[in-house]
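Here are a few worked exercises to go through with the model open in your viewer. Try each task before you read the solution.

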Amino acid sequence: MSRKASDNVEYTLRSLSHLMKEKRRKKDENAGERSLVAAESYTSINSQGATGGGGDLERAARRQFQRDVTPAFVYVVSVFSALGGFLFGYDTGVVSGAMLLLKKQMNLTALWQELVVSSTVGAAALSALLGGLLNGTCGRRPSILIASCFFTAGAVVLAAAGNKETLLAGRVVVGLGIGLASMTIPVYIAEAAPSHLRGRLVTINTLFITGGQFFAAVIDGAFSYLAKDGWRYMFGLSAVPSVIQFFGFLFLPESPRWLIQKGQTQKARRVLSQIRGNQTIDEEYDSIKNSIDEEEKEVGTAGPVICRMLTYPPTRRALIVGCGLQMFQQLSGINTVMYYCATILQMSGMQDDTLAIWLSAVIALINFIFTLFGVWLVEKLGRRKLTIGSLAGTTIALIILALGFLLSAQVSPPVTLYPRNSSSENSICTKYSDCNGCMLDPNCGFCYQANKSNIVESSCVPVDKKFNVKAALGRCSNESKTEELFWAYNYCPTPYSWIALVSLIIYLVFFAPGMGPMPWTVNSEIYPLWARSTGNACSSGVNWIFNVLISLTFLHTAEYLTYYGAFFLYAGFAAVGLIFIYGCLPETKGKKLEEIESLFENKLCTCGASESDEGRYIEYIRVKGSNYHLSDNDASDVE
Ligand SMILES: O[C@H]1[C@H](O)[C@@H](O)[C@H](O)[C@@H](O)[C@H]1O
């Protein structure tokens with residue numbers, strides 16, 4: 001054995017024996033047992049692999065220890081739950097590709113298209129708000145089972161829909177599932193996870209949301225070639241994960257915290273032992289039970305939960321932070337980017353419909369990959385730093401996006417050709433003197449003749465409302481474009497269009513790891529047990545309401561404020577959000593759910609717990625500079 005390795009082993013054994021003595025002295029059974037497990041595994045690894053050198057030993061010990069501390073079952077629980085996140089992402093994402101085919105096959109007017117898209121989001125808002133009641137009274141598990149029934153039923157109705165009314169009904173049913181899943185799943189995972197992994201496991205749910213959005217974009221691309229019934233497959237496929245989730249949850253347990261709250265002691269103990277593996281659960285059980293009893297004494301049990309939450313300062317503050325986070329997530333325009341990225345990409349010069357669909361898939365993939373970064377970063381940086389860094393980057397990206405559009409608007413090509421006999425239909429568009437004005441009017445498109453990338457002659461003409469891909473009359477009304485004649489609907493040919501594409505990517509690189517997942521993660525942890533369902537119902541409801549508001553108003557906002565105005569507006573919202581989060585979001589990393597309420601005891605906006613706070617509840621054994629996270633007790637034990 002090398003000198004360095006033998007030093008390490010000796011040092012470790014001394015630390016461990018010291019730790020065990022301390023533990024025995026304190027007669028703390030739980031912590032003592034856990035240390036023993038770690039000590040045994042560490043010593044056995046040392047005796048087997050001493051030749052491997054200090055680094056290998058340390059890594060092996062850490063791996064062994066993590067296996068002991070985190071049984072695989074909690075990962076199984078999280079992944080099955082996160083299938084609900086996948087369906088949330090899939091069902092909100094798939095509609096844009098399905099719509100391209102549907103509007104032709106079912107002759108959908110603009111109003112019907114808008115109804116089919118936003119009915120889901122509206123229903124999600126409603127069911128998220130009502131889901132709090134279901135969660136509180138029936139439990140998390142039945143709520144998830146009901147959500148998967150909604151997902152499956154919605155998928156079947158949509159895939160079989162014979163008319164637009166059935167289509168609308170199917171989208172509403174799917175929306176009910178999305179809303180219920182979006183508020184229940186983060187809570188369920190947070191209540192089952194051990195505190196040192198909670199952030200990571202809840203963030204996996206958002207990873208699945210973005211995964212669902214990416215998968216939807218790929219399915220949209222693949223089935224877009226099946227012009228006749230491609231949309232049926234797009235919608236119907238979502239029945240597969242929802243059925244898997246349903247059957248999985250028949251075997252998965254109820255949240256132990258909910259069971260304790262409802263007084264189902266034996267069952268709660270059984271579930272807790274099941275998800276904590278070979279660790280003793282007495283300490284965790286007692287701390288949950290005590291905190292419920294104390295809260296009941298302090299807040300009482302009379303009256304509706306929302307009233308108690310609003311009159312009790314810590315939960316009122318938590319609610320403001322939780323709803324604020326969800327509101328600013330949507331106000332920073334993520335869904336404008338996700339729903340309209342094909343349009344935004346077309347504006348940056350990609351004229352081909354299929355190419356735009358595939359590029360949307362690339363954008364969704366970027367969102368997914370960078371959410372994965374969030375999963376990795378959340379337990380390293382903590383929620384606060386991650387959210388602040390993410391929103392700061394998002395704000396800058398929005399400003400660049402807006403500047404890109406501003407620059408494009410300034411060099412917007414002028415209209416040079418006006419029809420000689422302007423009919424009434426024509427006159428809506430003849431009032432525009434350049435492409436920018438023409439593009440912003442949904443009734444008009446820009447028809448231009450280009451000669452080696454120079455625009456020679458151009459006019460603003462009414463669009464053929466049915467397909468948007470050609471003009472209703474005059475030049476460009478013939479679908480077989482001549483070589484030099486181009487039709488630009490919703491965009492203008494300018495040399496600065498690439499800025500939109502680049503800033504869209506920067507936007508997602510910053511948004512995805514922090515502002516995407518953190519509002520969900522933080523909301524799953526900041527409320528005490530009695531207020532958790534209601535708190536999450538309210539904040540998820542706020543998320544969906546602002547989602548509808550922003551995505552429904554984007555095109556109108558762009559019409560009134562122009563595109564750069566709209567993005568400057570979102571940048572302004574994001575900047576206000578940054579101030580709010582900087583002032584009000586405390587760090588919850590590593591804290592037990594029962595400890596988090598204390599962060600909201602002081603008046604709002606003095607938060608931002610320092611790293612040194614962790615000394616209170618994180619125990620380390622130091623092996624020459626390497627820290628092994630052992631238990632959630634007082635660090636002074638090992639000093
Ligand atoms: O956290 C998610 C995620 O960032 C999605 O990409 C977005 O579409 C949702 O609205 C949001 O809630």
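**Exercise 1. Backbone oddities**

Find which helix holds Thr562, and work out what sets its phi apart.

*Solution.* Start with the location: in this predicted model, Thr562 sits in helix α23, which spans residues 529-584. Next, check the backbone: phi of Thr562 is near 70°, a positive value in a residue that isn't glycine. For context, most residues other than glycine have a negative phi.

Now try Asn107: where is it found? Look in the loop between α4 (73-105) and α5 (110-138). Asn107 also has a positive phi, near 55°, and it isn't a glycine either.

**Exercise 2. α15 against α23**

Stay with α23 and describe how α15 packs on it.

*Solution.* Step one is the geometry: the axes of α15 (residues 313-331) and α23 come within 4 Å and cross at roughly 30°. Step two is the label: angles under 35 degrees count as roughly parallel, so α15 is roughly parallel to α23. Step three is the chemistry: sorted by class, the contact of α15 with α23 has 20 nonpolar residues, eleven polar ones and no charged ones.

**Exercise 3. Two right-handed crossings**

Work out the packing of α8 with α22, then do the α12 and α13 pair.

*Solution.* Take α8 (residues 198-223) and α22 (residues 518-525) to begin with: they pack at about 140°, with axes 9 Å apart. That angle makes α8 and α22 oblique to each other, and their crossing is right-handed. On the α8 side you'll find Arg198, Gly199, Val202, Thr203, Thr206 and Ile209, which meet Met518, Trp520, Thr521, Ser524 and Glu525 of α22. By class, that contact has four nonpolar, five polar and two charged residues.

Now for α12 (residues 265-276) and α13 (residues 282-299): the angle is about 130° and the axes are 10 Å apart. So α12 and α13 are oblique to each other, and α12 passes α13 in a right-handed crossing. Thr265, Ala268, Arg269, Leu272 and Arg276 from α12 meet Asp282, Glu284 and Tyr285 from α13. Sort the residues of this contact by class and you get three nonpolar, one polar and four charged.

**Exercise 4. Around the ligand**

List the residues around the ligand, then look for side chains with a polar atom by a ligand oxygen.

*Solution.* Begin with the surroundings: Thr206, Thr210, Gln213, Gln329, Gln330, Asn335, Asn367, Phe511, Gly516, Trp520 and Asn543. Thr206 and Trp520 should ring a bell, since both turn up in the contact of α8 with α22.

Then go through the distances, using 3.5 Å as the cut-off for a polar contact:

- Gln213: a side-chain N or O atom is 2.8 Å from an oxygen atom of the ligand.
- Trp520: a polar side-chain atom lies 3.1 Å from a ligand oxygen.
- Asn367: a polar side-chain atom lies 3.2 Å from a ligand oxygen.

**Exercise 5. A contact across the sequence**

Which residues does Leu168 touch, leaving aside its neighbours within four places in sequence?

*Solution.* Place the residue: Leu168 belongs to helix α7 (residues 164-192). With those sequence neighbours set aside, Leu168 is in contact with Trp112, Leu115, Val116 and Ser119. Finish with one pair: Leu168 and Ser119 are 49 residues apart along the chain, and their C-alpha atoms are separated by 7.3 Å.

How values were computed: Residues are numbered from 1 along each chain as its sequence is written. This is a predicted model: local features need pLDDT of at least 70, side-chain atom pairs count only at pLDDT 80 or more; totals for chains, interfaces and linings use all residues. Side-chain values use heavy atoms; hydrogens and water are left out. Axes are lines fitted to C-alpha atoms, for helices over the stretch in contact, and angles run from 0 to 180 degrees between N-to-C directions. Helices (H or I, at least four residues) and strands (E, at least two) are DSSP runs, numbered from the N terminus. Angles under 35 degrees count as roughly parallel, over 145 as roughly antiparallel, 65 to 115 as roughly perpendicular and the rest as oblique. A crossing is left-handed if the near helix is turned anticlockwise from the far one by less than a right angle, and right-handed if clockwise. Contact means heavy atoms within 4.5 Å. Ala, Val, Leu, Ile, Met, Phe, Trp, Tyr, Cys and Pro count as nonpolar, Asp, Glu, Lys and Arg as charged, and the others, Gly among them, as polar. A residue is near a molecule or strand if one of its heavy atoms lies within 4 Å of it. A polar contact is a pair of N or O atoms within 3.5 Å; within protein, one must be able to donate a hydrogen and the other to accept it, and residues adjacent in sequence count only if both atoms are side-chain atoms.
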